[in-house]
Amino acid sequence: MQCWSETAIPTVPGAGPPLRLYDTADRRVRPVTPGATATMYVCGITPYDATHLGHAATYLTFDLVNRLWRDAGHEVHYVQNVTDVDDPLFERAERDGIDWRDLGDREIELFREDMAALRVAPPREYVGAVESVDEVVEFVEKLLASGAAYVVEDAEYPDVYFRSDATEQFGYESGYDRATMERLFAERGGDPDRPGKRDSIDALLWRAARPGEPSWPSPFGAGRPGWHIECSAIALNRLGAEFDIQGGGSDLIYPHHEYSAAHAESLIAGRRFARHYVHTGLIGLDGEKMSKSRGNLVFVSVLRRSGVDPSAIRLALLSGHYRQDRMWTDAVLGEAVGRLDRWRSATALASGPSAEDTVARLRQHLADDLDTPKAVAALDNWADQALTYGGSDAGAPGLIATAIDGLLGIRL
C-alpha cells in the first residue's frame, strides 16, 4: 500500500542519552535497547472515518520514538498496518451508500494527507489487511496444525478461533484479571456469546464467509481475517519475533495487543512478541473520551481546513504526557498557538542566549519516557530568555529551531 511522502528530519548536533519507555507488560519505565536497526510496529487505522485527534496523538508519540532513534544513529524499520476490511468499514459504507473499498480508499488518502501535514515520518512498510490475506491464511493454518486454534463445529458458519489458553503466559501484557478481560472483550469487538466456542474469550481468527461480505479462499473455507491475527501476521513476517516496540492506544492493550502477541507466541514458544509494549493515553472532549459512538470526534482535517496551523495541532498534543488521558479544549489549542508564535519570534532573532544546554535538556527529557511537558518547558524558558534579554550567540536561534524540528517535529 502506498504510504505518505517522506518528511525531512534535520540532523541535530550532539547526542542524547538512551531512550527509556514505560513497558505495559512490565509496568515500569525501562531502557529500550535496539540494535543497529530499531524495529517498531504500530497499529494503524480502520479507514471508516477521518483522522481524529486520538489517532493523531498516538502517531505523534511513535513519531517521537522514530526521531529519537534516528537522532541516536539507528536505522528504523517501522511497520504500520491498515485494517481495510472490517465490520466498522462495512457498516459506515452501508450507512453512506458507498462501496466499502471506495470509502476505505478515500479515508486512507485523507489519513495520508493528515500525517504529512503533521510531519509524521512515514513507516518503511505500510500494509493493508487485504494485501496480507495470504499471510493470514498461512498463519491460521499453522495455528490449527499446532492445536492453538480450532474450527467451530456444527455451526452454520465454521469460524476459526484461537484458544486463549494456547500460551502459558497469556495475559502478561495487560495484567488484567479474568473479570476485566471478559468485560473488555465484550466491549471491544469480541463475541463472548458465540455458540460453539470453547471459552467465551477465545478470539476470532478467520470469519467464515457470510452473504454480502467480501471473502477469500482458504483451506479451511472462504472467509476473511479476524482483527488480531492481521497485525500478528504483518508484524511477524516483516520484523520477526522480539522486535523492539509494539505500539498503539491504551484501548488496544486488551484484547487487540494481548491476542496479537499471543497468536505469535503460540508458535514461537517462550519468546515475547515484542520487547516493549508502549501505549498512549486517550484524548477526550468536554470531559469524555472521543469516540464514534459519542459523536464527539475532533478531526485533524477539519482543523486544518479551518486554518489551524498543523504545527500548532502537533504542539498542542505534545503539551501533555503521552501516557496520560487528557482533554482537548480551545484553551489547549490557544496556548499552543501562542507558544508557537513565541518560539518563532525567538528563533527569528539575529542572536540569542546559548542553546547547547537547552538542547541537552530537550534530549534528556524526551529520552526519559518522552516527557514532552518538561521538554516544552525547557524550550519556553529559552524563548522567554531570548525575547526578554536577548543574547550574543548568533548560532543559538538556528540551533533551537533545528532541535525543535528534528526532535519534536515542529517546523518554525
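Q: Rings of Phe, Tyr and Trp (for Trp, the six-membered ring) count as a pair if their centres lie within 6.5 Å; planes under 30 degrees apart are stacked, over 60 edge-to-face, and the rest tilted. How many aromatic pairs does the structure hold?

A: There are 12 aromatic pairs. Before going on, note that this is a predicted model, where local features need pLDDT of at least 70 and side-chain atom pairs count only at pLDDT 80 or more, while totals for chains, interfaces and linings use all residues. Residues are numbered from 1 along each chain as its sequence is written, and side-chain values use heavy atoms, with hydrogens and water left out.

Q: What makes Tyr176 and Tyr254 an aromatic pair, and which kind is it?

A: Their rings sit 6.2 Å centre to centre with 75 degrees between the planes, which makes the pair edge-to-face. Tyr176 is in the loop between strand S7 (160-162) and helix H5 (178-187), and Tyr254 is in helix H7 (residues 253-265), so the contact ties together parts 78 residues apart in sequence. Helices here are DSSP runs of H or I with at least four residues, strands are runs of E with at least two, and both are numbered from the N terminus. Ring pairs also link Phe170, Tyr176, Phe185, Tyr254 and Tyr259 into a cluster.

Q: Tyr176 and Tyr254: how do you know which is buried and which is partly exposed?

A: Buried means under 20% relative accessible area, exposed over 50%, and partly exposed in between (1.4 Å probe, protein chains only). Tyr254 comes out at 0%, so it's buried; Tyr176 is at 28%, so it's partly exposed.

Q: Why is the Phe243 and Phe273 pair called what it is?

A: With ring centres 4.9 Å apart and planes at 80 degrees, the pair is edge-to-face. Phe243 belongs to strand S10 (residues 243-249) and Phe273 to the loop between H7 and strand S11 (274-280), so parts 30 residues apart in sequence get tied together. Both Phe243 and Phe273 are buried.

Q: How do you know that the charged end of Arg198 sits over the ring of Tyr150?

A: The rule asks for NZ of Lys or CZ of Arg within 6 Å of the ring centre and within 35 degrees of the ring normal. Arg198 has its charged end 4.3 Å from the centre of the Tyr150 ring, and it does count as sitting over that ring.

Q: Why do Cys43, Cys231 and His256 gather at one spot?

A: UniProt lists these three under "binding site" in an unreviewed entry. They span 214 residues in sequence, yet no two of their C-alpha atoms are more than 9.6 Å apart, so they do gather. Such annotations may be inferred rather than shown by experiment; feature names are shortened, and positions follow the numbering used here. Cys43 itself lies in the loop between strand S3 (37-42) and H1, and at 6% relative accessible area it's buried.

Q: What makes something a cavity, and how many of 30 Å³ or more are there?

A: On a 1 Å grid over the protein atoms alone, a cavity is a set of points where a 1.4 Å probe fits but cannot get out; lining residues have an atom within 4 Å of a point. By that rule there is one cavity of 30 Å³ or more. The largest cavity holds about 60 Å³, volume being the space filled by probe spheres set on the points, which are joined across faces, edges and corners. H1 gives the most to its lining, with four residues.

How values were computed: On a 1 Å grid over the protein atoms alone, a cavity is a set of points where a 1.4 Å probe fits but cannot get out, and a pocket is an open set with protein on both sides within 12 Å along at least five of seven lines; lining residues have an atom within 4 Å of a point.
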